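Work through these exercises with the sequence and the model side by side. Try each task before you read its solution.

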Amino acid sequence: MNASSSSYTPPHCKSPLVTVIGAGNVGRTLTQRIAEKNLADVVLIDIVEGLPQGIALDLMAAQGIELHDSKIIGTNNYEDTVGSDIVVITAGLARKPGMSRDDLIQTNAKIVADVAKKAIQYSPNAQFIVITNPLDAMTYLTWKATGLPASQVMGMAGVLDSSRLQTFIAMELGVCTADVSTMVLGGHGDLMLPLTRYCTVRGVPIAELMDEETIERLVERTRHGGAEVVKLLQTGGAYYAPASSGCLMVEAILRDRSRLLPAAAYLQGQYGLDDIFLGVPCRLGCRGVESILEVKLTDEEQKALHASADSVRQNIKVAMEVLG
Ligand code: APR
């Protein structure tokens, strides 16, 4: 092929770029998912020298088998993240058995503030997705540390919690998981609010398919879904479902899909809450959180959402002390 003899000018070919901060279990699995779905090139960055480079090389060595075109670069240098469309923060400690997500706050707040400030210098227009726990407070901290408009910062939790509930309902009823639709709101903690009135199997409310006791059992399992995995693994937290959930949000933004997904978003009066990041249904597209859907809540649900918000506010207070 003689390209120089052609009068054809190729379009500007630049793949989208996603930076994943933290090459641990969540970060490396997310990198794999993004690459294998051909969504973007990925820069995987970690504080440990050699770790992201090794993971990137290993993932690239499978490229010919998995048949994707995404470039994966491992680095310890933020200069390599320049011009990212999306930055995903997974850096930080994961839970050990017996720990709550809130127990991670002191250490993770320092890490998240540090990496967010570094990343924004090289990608001032990026959308930031936060996965590090405690999720809602870390998302607020990232918003403050980057100085971005709130619509460009969001936390990944509602997709994961909804996906866990979706799986548990499908397992209970023996139906196809894809036919189950769920919605979990609130903070990513024990006070999260699975909205079972809005959970359906192909449009059929689950209350018509199972009794109240069963629904309550599945709700409780969802609330403690992360802890159940931590207890079994003994060495860290869940990462396959968190990575899949993060990847779904990345895809919604890069492909401008206007997906209606629960995410930790900045509230300014919605649900009677102000100046807080909390899990609510959002439309996610190329501009990040494009709108927030206010679903009707009963008084009891509203109370539960506010209780969850109160606990998130306590974490935000502690996290913000790191920024001074
Ligand atoms: N900069 C970059 N990377 C860092 C930094 C930092 N300042 N501090 C820690 N890391 C990296 C670690 O070196 C490690 O590779 O973050 C990674 C964390 O990986 P894991 O310990 O495997 O934790 P993981 O299971 O991936 O969870 C990460 O996501 O779901 C949440 O609760 C979970 O907060 C935790 C986070």
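## Exercise 1: Two salt bridges across the chain

R197 has a relative accessible area of 43%, so it is partly exposed. The model is a predicted one.

**Task.** Which residue forms a salt bridge with R197, and how far apart are the closest N and O atoms?

**Solution.**
Step 1. Find the partner. R197 forms a salt bridge with E301.
Step 2. Read the distance. The closest N and O atoms are 2.8 Å apart.
Step 3. Place both ends. R197 sits in the loop between β9 (193-194) and β10 (200-201), and E301 sits in helix α10 (residues 299-323), so the pair ties together parts that are 104 residues apart in sequence.
Step 4. Check burial. E301 has a relative accessible area of 11%; buried means under 20%, so E301 is buried.

**Task.** Where do R217 and E172 lie in the chain?

**Solution.**
Step 1. Start from the contact. The side chains of R217 and E172 meet in a salt bridge of 3.2 Å, N to O.
Step 2. Locate the ends. R217 is in helix α7 (residues 212-223), while E172 is in helix α6 (residues 158-173).
Step 3. Read the separation. The two are 45 residues apart, and the pair links distant parts of the chain.
Step 4. Check exposure. R217 is partly exposed at 45% relative accessible area. E172 is partly exposed at 37%.

## Exercise 2: A salt bridge inside one helix

**Task.** Why are E220 and R223 separated by about one helical turn?

**Solution.**
Step 1. Count along the helix. E220 and R223 are three residues apart in helix α7, so about one helical turn separates them.
Step 2. Look at the side chains. They meet in a salt bridge of 2.7 Å, N to O.
Step 3. Compare accessibility. E220 is partly exposed, with a relative accessible area of 33%. R223 counts as buried at 18%.
Step 4. Look for a network. E251, R255 and R257 are joined into one by salt bridges that share partners.
Step 5. Take the whole structure. A search of it finds 10 salt bridges.

## Exercise 3: The listed binding site

**Task.** Which residues does UniProt list for "binding site"?

**Solution.**
Step 1. Read the record. The unreviewed UniProt entry lists G22, A23, G24, N25, V26, G27, D46, N108, I131, T132 and N133.
Step 2. Compare with the largest pocket. Its lining includes G22, A23, G24, N25, V26, G27, D46, N108, I131, T132 and N133.
Step 3. Take one residue, G24. It lies in the loop between β1 (17-21) and α1 (25-36). At 28% relative accessibility, G24 is partly exposed.
Step 4. Take another, N108. It is in helix α4 (residues 105-122). At 0% relative accessibility, N108 is buried.
Step 5. List what N108 touches. Leaving out residues up to four places away in sequence, N108 touches G92, L93, T132, N133 and M138.

## Exercise 4: Two domains

**Task.** How many residues of domain 1 are in contact with domain 2?

**Solution.**
Step 1. Set the bounds. Domain 1 is 13-155 and domain 2 is 158-323.
Step 2. Read the contacts. 47 residues of domain 1 are in contact with 46 residues of domain 2.
Step 3. Read the area. About 3800 Å² is buried between domain 1 and domain 2, and carbon and sulfur atoms give 71% of it.
Step 4. Find the main contributors. R101, D136 and Y140 supply 18% of the area that domain 1 buries against domain 2, more than any other three residues.
Step 5. Check for salt bridges. The count between domain 1 and domain 2 is zero.

## Exercise 5: Backbone details

**Task.** What kind of peptide bond joins N133 and P134?

**Solution.**
Step 1. Read omega. It is about -5°, and the bond is cis.
Step 2. Place P134. It is in the loop between β5 (127-130) and α5 (135-146).

**Task.** Is L67 buried or exposed?

**Solution.**
Step 1. Place L67. It is in the loop between α3 (63-66) and β3 (72-75).
Step 2. Check accessibility. L67 has a relative accessible area of 67%, so it is exposed.
Step 3. Check phi. L67 is not a glycine, yet its phi is positive, at about 55°.

Terms used
Residues are numbered from 1 along each chain as its sequence is written. This is a predicted model: local features need pLDDT of at least 70, side-chain atom pairs count only at pLDDT 80 or more; totals for chains, interfaces and linings use all residues. Side-chain values use heavy atoms; hydrogens and water are left out. UniProt positions are given in the numbering used here, feature names are shortened, and annotations may be inferred rather than shown by experiment. On a 1 Å grid over the protein atoms alone, a cavity is a set of points where a 1.4 Å probe fits but cannot get out, and a pocket is an open set with protein on both sides within 12 Å along at least five of seven lines; lining residues have an atom within 4 Å of a point. Helices (H or I, at least four residues) and strands (E, at least two) are DSSP runs, numbered from the N terminus. Buried means under 20% relative accessible area, exposed over 50%, partly exposed in between (1.4 Å probe, protein chains only). Contact means heavy atoms within 4.5 Å. Domain bounds come from an automatic or database domain assignment. Buried area is the accessible area (1.4 Å probe) that two parts lose on being put together, summed over both. A salt bridge is a side-chain nitrogen of Lys or Arg within 4 Å of a carboxyl oxygen of Asp or Glu.
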